[in-house]
Amino acid sequence: MRTIVKNGTIVNSDKVVKRDIVIENGKISTIVKHATIEANDKVIDATGQYVMPGGIDVHAHLDYPGTVDNFESGTKAAAKGGLTCIINYTSPLKGQSVLDNVREWKKRAKDSYIDYGFHAMITECNESILSEIPLLANEEGITSIKLFMAYKGESMVSDLEMYKLMKKAGETGMIINVHAENGDVTDQLRLEAIEQGNTSPIYHAYTRPTTLEAEATNRAIRIAEVANAPVYIVHVSCADSLNQIKLAKDRGLKVYGETCPHYLVLDESYLKLPDFKGGGFVCSPPLREKEEQKHLWEGISAGYIYTIGSDHSSLMFEGGKTKGKDDFTKIPNGLPSIEDIYHVTYHFGVHEGKISLEKFVDITSTSPAKIFGLYPQKGVIAEGSDADIVLLDPKRSRVVSKEIQYQKTDYNIYEGFKLQGNITHVLSRGEIVVKENQFLGYSGHGKFISRKYFSENSID
Ligand SMILES: [Zn+2]
């Protein structure tokens with residue numbers, strides 16, 4: 001049976017056209033001016049709507065210790081919010097084989113509603129781990145690793161370890177994701193704050209200044225340069241750090257920035273909310289001064305920030321964030337947001353006139369697909385691509401509320417936000433997952449996607 005999306009406005013990262021889409025066997029088979037309808041065709045009327053490639057969130061933490069969204073609830077929330085593919089981080093145990101770890105994660109993701117892949121997180125470096133890196137790509141279809149420059153004693157690697165891991169991954173044709181913060185100095189600033197009796201959530205921001213994020217960003221970029229490896233800086237939160245990416249990019253290095261909608265929309269004043277409400281907004285890097293937001297939007301428009309990620313960490317407020325009521329250093333880091341990133345970015349980006357529709361598609365779908373080896377299977381409305389499609393009606397709006405969300409947290413960081421633009425349909429490989437307010441997807445429909453090497457990609 002064919003599905004036909006009729007009368008819509010197709011938005012790709014390079015152009016906007018009015019066309020009909022014919023879908024067969026989960027793929028886009030043809031794109032034509034006027035599709036002729038046959039007897040058994042299922043027809044979706046997209047009059048007045050934007051028809052866009054499904055959102056790809058390349059920064060998710062589903063099924064992490066201490067969080068409430070597993071792959072089932074997390075990908076359901078993601079699909080409801082316009083995402084059709086995620087790349088989740090794995091979380092290795094000390095001493096465990098990286099290959100064993102990613103195989104475990106693949107099993108944990110089997111209940112997903114939408115397609116998924118993984119970045120292999122690596123938190124230590126030895127000969128056995130180095131020898132496994134090529135196998136991650138060659139045998140497991142995982143073509144990116146993630147390294148941390150913060151959280152000493154948990155996930156932080158030293159500069160030397162980072163160099164060795166980057167070099168090996170680079171030689172293999174993989175890309176390296178880096179969490180760029182200066183872990184050593186941050187830890188000291190946190191100790192000093194607590195010693196001085198500064199225990200409230202805002203000190204989480206004050207002890208992670210933008211200059212340290214910039215320092216780590218520069219260090220990651222310079223070490224990647226020497227290791228001859230492409231580097232992807234996750235969750236860039238400020239102009240200081242963005243400027244390091246600009247300098248590197250302008251020198252011709254393969255450096256790619258990501259930001260998260262919460263850095264574009266929320267600011268550090270949320271950390272000062274009374275009654276410990278600010279604790280619900282603790283993430284790393286922290287929310288910044290409002291001033292930073294316009295620089296990040298400019299970084300998107302100028303092509304230094306390529307993607308937006310959710311960094312979804314489904315921590316509860318009660319019993320989760322409240323662990324740090326008397327000491328901000330005990331507040332678990334991370335924000336729940338996978339359900340709203342697409343809408344929030346559309347509203348504040350396109351509706352408010354900061355970015356074009358094409359740029360919206362670029363950062364939510366096309367560039368994530370290109371950087372992480374999913375393109376052109378995903379990230380574009382084109383003949384032969386997966387029919388991962390979102391229909392958005394720009395004339396309708398919705399109000400965000402924890403009362404109606406699918407993600408399982410007891411709060412929503414965008415509570416009460418009225419967002420222009422409403423998703424009416426989401427298709428995952430041709431199957432209708434969301435239709436108006438109905439959720440029609442099923443657990444287990446999502447498939448693991450084996451990704452191509454970074455070195456085969458077409459992105460500059
Ligand atoms: Zn993260």
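What is the volume of the largest pocket? I began my notes with this, keeping in mind that the model is predicted.

**Entry 1, the pocket.** I looked up the largest pocket and found a volume of about 1,000 Å³. I then listed its lining, which comes to 41 residues, and noted that Y64, Y151, E154, S155 and N333 are the closest to the pocket's centre. Going through the secondary structure, I found that α2 (98-108), β9 (144-148) and α5 (183-195) are the elements that give two or more residues to this lining, and that the largest share, four residues, comes from α2. When I sorted the lining by residue character, I obtained twelve nonpolar, 17 polar and twelve charged residues.

**Entry 2, the zinc ion.** I turned next to the metal and asked which protein atoms serve as its donors. I found NE2 of H59, NE2 of H61 and an OD atom of D311, at distances of 2.0 to 2.1 Å from the zinc ion. I wrote the spacing of these donor residues along the sequence as H-x1-H-x249-D. The pair H61 and D311 links distant parts of the chain, 250 residues apart; I placed H61 in the loop between β6 (55-60) and α1 (71-80), and D311 in the loop between β13 (305-308) and α11 (341-351). I also checked whether these two residues are buried or exposed, and recorded both H61 and D311 as buried.

**Entry 3, strand β1.** I then followed the strand β1, residues 3-11, and noted that it is mostly covered, with eight of its nine residues buried. Which strands pair with β1, and in what sense? With β2 (residues 16-24) I found antiparallel pairing over seven bridges, and I noted that the two strands form a hairpin with four residues between them. Within this pairing, I identified I23 of β2 as the bridge partner of T3. With β4 (residues 42-45), β1 runs parallel, and four bridges join the two strands; here I saw I4 standing opposite V43. With β5 (residues 50-53), the pairing is again parallel, over two bridges, and I10 stands opposite V51.

**Entry 4, looking back.** For a later return to the structure, I kept three points together: the zinc ion has H59, H61 and D311 as its protein donors, β1 is paired in the antiparallel sense with β2 and in the parallel sense with β4 and β5, and the lining of the largest pocket includes four residues from α2.

Note on methods: Residues numbered from 1 in each chain as written. Predicted model: local features only at pLDDT ≥ 70, side-chain atom pairs only at ≥ 80, totals over all residues. Heavy atoms only, no water. Donors = N, O, S within 2.8 Å, 3.2 Å for Na, K, Ca; no water. Buried < 20%, exposed > 50% of the residue type's maximum accessible area, 1.4 Å probe, protein only. Pairing = 2+ DSSP bridges. 1 Å grid on protein atoms, 1.4 Å probe; cavity = no way out; pocket = protein on both sides within 12 Å on 5 of 7 lines; lining within 4 Å. Points joined across faces, edges and corners; volume = space filled by probe spheres on them. Nonpolar A, V, L, I, M, F, W, Y, C, P; charged D, E, K, R; others polar.
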